[in-house]
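Biologist: Can you walk me through this one? I'd like to go through it piece by piece.

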Amino acid sequence: MVAMHAAVEILSLLLALSALGGAGAGGCVSDERAALLEVKRGFSGDPDGVLASWTARRPDCCRWDGVVCDSATGRVTELRLRNKLADDGSPGLSGEISPALLRLPRLAHLDLSRNSLGGGMATPVPRFLGSLASLRYLNLSYTDIAGEVPPHLGNLSALAVLDLSSYLGGLYSGDLSWLAGLSSLEYLDMGMVNLTACANWAHVVNALPSLRVLALSQCGLTTPSPSSSSPAPARANLTRLQRLDLSYNGINTSTVDAWFWGVPTLTYLDLTDNSLSSPFLDTIGNMTGLQVLYLQGNDMAGMIPATLQRLCSLRVIDLSVNRINGDMSEFMHRLPRCALRNMQLLQLSAANMSGQLPEWIGDMSELTNLDLSFNNLAGEIPQGIGRLSKLTKLFLQKNRLNGSLSEAHFANLVSLELIDLSQNFMSMEIRPSWRPPCKLVYAYFPDVRMGSQFPAWIKHQPDIKYLDISHGGIVDTLPQWFWKSFSDAVYLNISVNQISGRLPSSLRFMTSVLAIYLGANNLTGSVPLLPDQLLVLDLSRNSLSGPIPSEFGAPELVELDISSNRINETVPESLCQFPNLLHLDASNNNLTGHLPRCRNVSSDGLGLTTLILYKNNLSGEFPVFLKHCKAMTFLDLAQNMFSGTVPEWVGRKLPSLTHLRLRSNMFNGNIPTQLAQLGDLQLLDLAENRISGSIPHSLGNMTGMTQEHTPLVLNPLTGYGASGNDRIVDSLPIVTKGQDRDYTSGVIYMVSLC
């Protein structure tokens with residue numbers, strides 16, 4: 001009897017399992033387990049083993065990684081397959097999204113974000129996704145999907161979250177009318193989906209009553225004119241909208257009837273880099289819940305309205321790259337006083353602000369980011385700024401600030417990590433024994449007068465990765481602790497001072513450094529052995545001597561300037577082994593002998609664009625390795641002892657040449673007529689050689705000497721460093737009208753034939 005009762009219970013259980021669609025003893029539905037295994041087979045790549053647990057040997061698919069089931073029915077409700085290792089460089093899953101997903105009828109959550117589904121190849125969004133009727137969450141962001149967004153997604157009436165944003169921009173939609181079917185949608189992100197053809201986009205999104213987050217950044221959106229067939233809506237129906245991101249589009253209206261100004265529920269508004277270009281509106285003050293306001297890059301004009309005083313929740317405001325054209329004190333007084341003590345970010349870079357900073361800026365106790373760079377601010381920095389204990393970033397570069405910085409300015413800046421005070425008129429008055437309370441990572445002080453002694457306080461900043469104290473008026477010996485303290489630096493610039501001392505014979509202990517600028521000092525020693533990862537080295541205008549090392553490292557070097565030293569002997573063959581070297585300046589030294597022939601150059605040739613070797617004792621014929629430098633634009637071999645003829649191949653092999661200086665050598669023969677093939681040549685100097693014969697008439701047809709020259713993006717005389725202040729170019733001697741004149745980097749725009 002007991003046995004029969006047990007049998008009945010077992011039979012009842014089996015019938016219950018059958019009613020659930022075949023749920024196995026493991027807990028999940030067998031049909032859905034089979035469907036998941038088919039989904040796995042659709043993925044051809046899984047480098048991180050995300051689906052390793054998806055195997056028939058583990059029958060309970062509800063315990064597979066990334067799978068979530070309903071605890072009562074065993075049905076699959078969620079697939080959480082986001083690539084968690086994308087930031088570490090992992091491509092994640094690749095392959096196709098299998099239609100076997102249709103056999104998961106209760107699937108409500110599908111996240112495949114940050115996977116390279118196409119393995120680097122564009123792959124379309126499957127249309128069958130529009131048939132997953134239970135779906136409430138769909139995230140395909142930052143995958144390599146491309147093509148048209150299927151309108152079938154409009155069938156997902158239960159969908160609350162849709163994220164199709166990407167960084168590749170391969171998706172597009174010509175009509176967003178399908179969004180009308182998503183009546184439950186609360187979150188929509190289509191960042192970088194091309195919506196240029198969607199003239200009715202504003203009307204469509206304005207009809208989504210549940211929408212809380214709308215992100216359409218970099219979609220090619222514009223605001224249609226009132227006379228168009230689909231004018232922008234006059235008012236917003238989005239009564240729940242909290243976050244609106246329309247950044248990096250072409251929206252060109254800021255009139256009072258623009259619908260996005262009338263959303264009182266907004267807490268976050270980002271209209272960065274649009275085309276609003278009109279005064280700031282009083283209606284901004286109606287968004288009383290606003291916490292974050294990004295309006296940078298819109299060329300909006302005039303002072304901010306007094307209605308901002310109503311925004312008591314405001315925490316972040318960025319109005320950079322606009323034309324506020326006002327006094328800084330007035331601007332600060334128009335900020336909501338009720339929010340000042342909670343303000344976290346204030347950015348007004350390139351807003352044409354003038355006047356002085358108020359002392360009470362130190363009352364903004366929650367401020368973490370302050371950027372007032374590229375303005376016309378004057379006067380002294382108030383000491384009150386030293387009370388901002390949570391400030392991590394302070395950018396005041398490119399103003400007209402003056403006065404001195406004391407220890408009081410840094411007294412309580414315990415969180416400060418990044419500071420840039422460059423291109424002002426300030427000085428620092430700090431005791432050598434002072435220890436800053438902060439731990440700087442980025443310390444950028446070019447043009448700030450540091451005093452004659454080397455600033456000892458930086459010894460106590462071991463976390464600095466980027467240091468610039470160039471043009472600091474330092475007249476001192478480089479301390480012994482310097483190289484050890486900055487062995488982990490990425491960027492190091494102490495140029496244009498009067499710092500003396502001997503360079504280490506090797507800098508290979510600097511395993512992170514990319515750029516070193518030591519030019520225009522009084523350093524001695526020789527050219528050191530260099531770290532492998534170094535890209536830029538400036539040792540110019542020092543007192544270095546000895547030869548260039550035959551194997552000095554830095555195989556990825558892009559720029560090397562060792563000019564105006566006392567470096568001697570020959571140029572080593574190893575300089576032919578720098579495939580990325582663009583700029584080489586070894587002028588004004590004591591180099592002798594022939595230049596290397598560079599016999600083993602790859603088929604791609606050498607990348608040199610600038611070679612400056614004037615004022616040495618180099619000899620031999622015109623350097624044949626230049627045949628491999630088809631990108632060469634600026635070539636200066638003047639004031640050496642080169643001989644032989646100027647080869648005809650210069651006109652063919654160096655087609656990009658703009659400046660050719662061969663003055664004061666011993667070249668002979670005729671001027672080759674092929675030089676006329678250099679259509680961009682604007683300076684040709686062959687004077688003081690042994691060249692004979694007539695000047696070819698064809699040289700008069702060189703258009704480079706007759707056309708106007710626009711400023712270069714990369715001036716070969718200013719180098720390829722990380723900022724415009726990196727390389728201070730020495731003067732270049734040019735003979736004009738029979739007189740020797742020294743020109744700085746502006747010589748690149750000079751036109752001359754001599």
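Modeller: Before we start, the strands named here are DSSP runs of at least two residues, labelled E and numbered from the N terminus. In that scheme, glutamate 78 is placed in strand E3, which covers residues 76-80. Please keep in mind throughout that this is a predicted model.

Biologist: Which side chain does the side chain of glutamate 78 make a polar contact with?

Modeller: The partner is the side chain of arginine 80, and the polar contact between the two is 2.6 Å. Once the neighbours within four places in sequence are set aside, glutamate 78 is also in contact with Gly66, Val67, Val68, Leu107 and His109.

Biologist: Stepping back, how many helices and strands are in the chain?

Modeller: The chain has six helices and 47 strands. Of its 754 residues, 53% are buried, and the chain exposes about 31,800 Å², with carbon and sulfur atoms supplying 51% of that area. As for how the contacts are spread along the sequence, among those with a separation of 6 or more, 59% are between residues 24 or more positions apart.

Biologist: And what is the mean pLDDT of the chain?

Modeller: The mean is 89, and 87% of the residues reach 70 or more. There are stretches to handle with care, however: pLDDT stays under 50 over residues 1-26, where the model has 17 contacts beyond four places in sequence, and pLDDT also stays under 50 over residues 720-730, where the corresponding count is 42. Where pLDDT is low, the coordinates of a prediction should not be read in detail.

Biologist: Let's talk sheets. What is the order of the open sheet of three strands?

Modeller: The order is E26-E28-E30, and the pairing is parallel. Strand E26 (475-477) and strand E30 (522-524) are the edge strands, each of them pairing on one side only. From one strand to the next, the twist averages 10 degrees.

Biologist: How many bridges join strand E28 to E30?

Modeller: Three bridges join them, with E28 spanning residues 498-502 and the two strands running parallel. Within that pairing, glycine 501 stands opposite leucine 523 of E30.

Biologist: Further along the chain, in which sense do strand E38 and strand E40 pair?

Modeller: Strand E38 (residues 617-620) and strand E40 (residues 641-645) pair in the parallel sense, over two bridges, and serine 619 stands opposite methionine 641 in E40. E40 is also joined by three bridges to strand E42 (residues 666-669), again with the two running parallel. There, threonine 645 has asparagine 668 in E42 as its bridge partner.

Biologist: Switching to single residues, is leucine 164 buried or exposed?

Modeller: Leucine 164 counts as buried, because its relative accessibility is 2% and the cut-off for buried is under 20%. It lies in the loop between strand E8 (161-163) and strand E9 (171-172). Beyond four places in sequence, leucine 164 has contacts that include Leu140, Val149, Leu153, Asp189 and Met190.

Biologist: How far apart in space are leucine 164 and serine 113?

Modeller: They are 8.9 Å apart, C-alpha to C-alpha, while the two are 51 residues apart in sequence.

Biologist: What about aspartate 685, where is its place?

Modeller: Aspartate 685 belongs to strand E43, residues 683-685. With a relative accessible area of 1%, this aspartate is buried, and its side chain reaches the backbone nitrogen of alanine 687 at 3.2 Å.

Biologist: Any backbone oddities? Which aspartate has a positive phi although it is not a glycine?

Modeller: Most residues other than glycine have a negative phi. Aspartate 299, however, has a positive phi of about 60 degrees. Aspartate 299 is located in the loop between strand E14 (292-294) and strand E15 (316-318), and at 37% relative accessibility it counts as partly exposed. Phenylalanine 374 also has a positive phi, of about 55 degrees.

Biologist: And where is phenylalanine 374 found?

Modeller: Phenylalanine 374 sits in the loop between strand E18 (369-371) and strand E19 (376-380), and with a relative accessible area of 42% this residue is partly exposed.

How values were computed:
Residues numbered from 1 in each chain as written. Predicted model: local features only at pLDDT ≥ 70, side-chain atom pairs only at ≥ 80, totals over all residues. Heavy atoms only, no water. Helix = DSSP H or I, 4+ residues; strand = E, 2+ residues; numbered from the N terminus. Buried < 20%, exposed > 50% of the residue type's maximum accessible area, 1.4 Å probe, protein only. Polar contact = N/O pair within 3.5 Å; in protein donor to acceptor, adjacent residues only side chain to side chain. Contact = heavy atoms within 4.5 Å. pLDDT = per-residue confidence, 0-100. Pairing = 2+ DSSP bridges. Axes fitted to C-alpha atoms, helices over the stretch in contact; angles between N-to-C directions. Areas by Shrake-Rupley, 256 points an atom, 1.4 Å probe, with all protein chains shown as cover.
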